[in-house]
Amino acid sequence: MVEIKDILDRLNITEQNHGITTGLQSWPGSGETLVSHSPVNGGKIAEVSQAGRADYDQVIEKSQEAFKAWRLLPAPKRGEIIRQMGEELRKKKQELGTLVSYEMGKSLQEGLGEVQEMIDICDFAVGISRQLYGLTMHSERPQHRMYEQWHPIGIVGIISAFNFPVAVWSWNAMIAWVCGDVCVWKPSEKTPLTALACQSIIKIVLENNNLPEGISSIVTGGRDVGKWLAEDPRVALVSATGSTPMGRSVGEAVARRLGKSLLELGGNNAIIVTPSADLSIAVPGIVFGAVGTAGQRCTSTRRIIVHESIYEDLENRLVKAYSQLKIGNPLDASNHVGPLIDQLAVEKYLDTVGKVKQAGGKFIVEPGVLSGEGFSSGCYVNPCIAEVQNDYEIVQHETFAPILYLIKYSEIEEAIAIQNDVPQGLSSAIFTLNLRESELFLSQQGSDCGIANVNIGTSGAEIGGAFGGEKETGGGRESGSDAWKAYMRRQTNTINYGTALPLAQGIKFEF
Ligand code: UN1
């Protein structure tokens, strides 16, 4: 087993840490001290100071200055900086992945996978730095040229969640940086150390390239800091990942000042399992989706909508698979399921279990909180499965825990209607070998989610695609494809190289 003390040393995390940094400088914030505990064993990891308003303002002023310089660096040169960041992340993958696992509680494999996502988005961003393309269009006027170009927008505020404490920041930051923006990061209060570790890794690159402070800042803190970012007209874009209530308050505050927001909020992701499904791939897809990261991904599988003809067969296979799951220390590679993030999450798990029972749901794999040796943090719970109806109030909500719902259907149209009949619209999947069913599912009358998969589960999206969802998921797209456009402002340019001044739409204006 790894020695956490060594890992912290190698990532420059000490017992007491400055929670405010502008990339090169750091200082203790004037807010209350935050103590980070590991859900793995309940132990205290380290302390971090939080920001007061004056600390926040100082960071924003530094960011404004840095933006003036950073935007002048040609985009491919900015890409070169990101390439170097990817190299530093490669060198520290083991350490950072381990700290993610220890501070957040996901398995070491998933912690390492998260750092791999960071490395991959660096590579992607390097390519994008040479592809910030605008269109050209034919003017309706003679000797006129029209085109559009994309410019940096300024300061990007990044509010990230505990469940992907580093990867989701990097999807935003790496793309924002090649676009010419500067970033101010408010990490989750539950995982502040992984954020500081990221900063210490990329600081090497900022120093080696003599870059100014303020390109990459961290403001540690709670709701206050999120509110300051959301209400601050100096922050051009606020990208927020987290719960729907959090996103609603951020989105409303940003909209009030007519700023831009990019929201990546809750999911209530379903998998439809049809009669022709290959159950030998459907079962592992379902189980990883439901219990991986202890059900704490926004893409976690929450609902299985299964055809009545294979309902019993699938149910039996799932019960058998769940009986083989090993729950315990996530740093031990033989365990499949680690702890929930904290005691509050355990309370929410228990509350949901109670509500499922009250509504008439029947558990076929029993819930429960684990105690005894190895479970002293009180954060380990049994992944469980309940037979429910989709319209139960509780089933309409996202609970960030390994609780899986089974729902029966008889016609494919009904299955798609059930899949769509929730307020969220992030990820969805169908297991089928029937072309008509899969194409219907992917069509405009199919899944209403931002992500729709065939014969793979709902979680584990690759960075190359645009990531995000519809309805209460917030509508934002991050990561790959053309998600970079959210981090830039578009300018349409019309140039007259003739000797006359013809007006558009044929309007005559003579005097
Ligand atoms: C999240 O849970 O906020 O698709 C992001 C996935 C991961 C990202 C999840 N690549 O499951």
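Tutor: Two residues are taken to be in contact here if their C-beta atoms, placed from the backbone, lie within 7 Å. The model we are discussing is a predicted one.

Student: With which residues is Glu264 in contact, leaving aside its neighbours within four places in sequence?

Tutor: Glu264 belongs to strand S12, which runs over residues 260–264, and the unreviewed UniProt entry annotates Glu264 as "active site". Once neighbours within four places in sequence are left aside, the contacts of Glu264 are Thr241, Cys298, Gly468, Gly474, Gly476 and Glu478.

Student: Does Glu264 count as buried or exposed?

Tutor: A residue is buried if 20 or more other C-beta atoms lie within 10 Å of its own, and exposed if 12 or fewer do. Glu264 has 29 C-beta neighbours inside 10 Å, and therefore it counts as buried.

Student: Into which domains is the protein divided, and where does the ligand lie with respect to them?

Tutor: The protein is divided into domain 1, covering 4–265 + 474–492, and domain 2, covering 269–466. The residues around the ligand include Asn163, Phe164 and Thr241, as well as Arg297, Cys298 and Ser459. Because domain 1 and domain 2 both give residues to the shell around the ligand, the ligand lies between domain 1 and domain 2.

Student: How many residues of each class does the shell around the ligand have?

Tutor: The shell is made of Ala161, Asn163, Phe164, Val168, Thr241, Arg297, Cys298, Thr299, Ser459, Gly460 and Ala461. Sorted by class, these residues are 5 nonpolar, 5 polar and 1 charged.

Student: Which element gives the most to the side of domain 1 that touches domain 2?

Tutor: The C-alpha centres of domain 1 and domain 2 lie 30 Å apart, and the contact takes 28 residues from domain 1 and 23 residues from domain 2. On the side of domain 1 that touches domain 2, the elements giving two or more residues are helix H4 (93–104) and helix H5 (108–128). With 7 residues, the element that gives the most to that side is H5.

Student: How do the residues of the side of domain 1 that touches domain 2 divide by class?

Tutor: Domain 1 contributes 28 residues to the contact with domain 2. By class, the residues on that side of domain 1 divide into 10 nonpolar, 10 polar and 8 charged.

Student: Against which elements do the buried residues of H13 pack?

Tutor: Helix H13 spans residues 412–420, and its buried residues are Ile412, Ala415, Ile416 and Gln419. They lie on the same side of H13, because they cover an arc of only 95° around the axis. The elements against which these buried residues pack are strands S13 (269–273), S14 (301–307), S17 (403–409) and S19 (427–431), together with helix H14 (435–442).

Student: What separation do the C-alpha atoms of Asp421 and Asp391 have?

Tutor: Asp421 is found in the loop between H13 and strand S18 (424–425), and it is partly exposed, because 14 other C-beta atoms lie within 10 Å. Asp391 is 30 residues from Asp421 along the chain, and their C-alpha atoms are separated by 8.2 Å.

Student: How many Å apart in space are Pro383 and Pro367, C-alpha to C-alpha?

Tutor: Pro383 is in the loop between strand S15 (362–365) and strand S16 (384–387), and it is buried, with 21 other C-beta atoms within 10 Å. Its contacts, leaving aside neighbours within four places in sequence, include Tyr322, Leu325 and Pro402. Pro383 and Pro367 are 16 residues apart in sequence, and their separation in space, C-alpha to C-alpha, is 6.4 Å.

Student: What value is phi of Thr293 near?

Tutor: Thr293 lies in the loop between helix H10 (279–291) and S14, where it is buried, with 28 other C-beta atoms within 10 Å. Most residues other than glycine have a negative phi. Thr293, a residue other than glycine, has a positive phi, near 55°.

Student: And what value is phi of Ser479 near?

Tutor: Ser479 lies in strand S23, which covers residues 478–479, and it counts as buried, because it has 27 C-beta neighbours inside 10 Å. Its phi is again a positive value in a residue other than glycine, near 75°.

Notes. Residues are numbered from 1 along each chain as its sequence is written. This is a predicted model: local features need pLDDT of at least 70, side-chain atom pairs count only at pLDDT 80 or more; totals for chains, interfaces and linings use all residues. A residue is near a molecule or strand if its C-beta atom, placed from the backbone, lies within 6 Å of it. Ala, Val, Leu, Ile, Met, Phe, Trp, Tyr, Cys and Pro count as nonpolar, Asp, Glu, Lys and Arg as charged, and the others, Gly among them, as polar. Domain bounds come from an automatic or database domain assignment. UniProt positions are given in the numbering used here, feature names are shortened, and annotations may be inferred rather than shown by experiment. Helices (H or I, at least four residues) and strands (E, at least two) are DSSP runs, numbered from the N terminus. The arc is that of the directions from the helix axis to the C-beta atoms.
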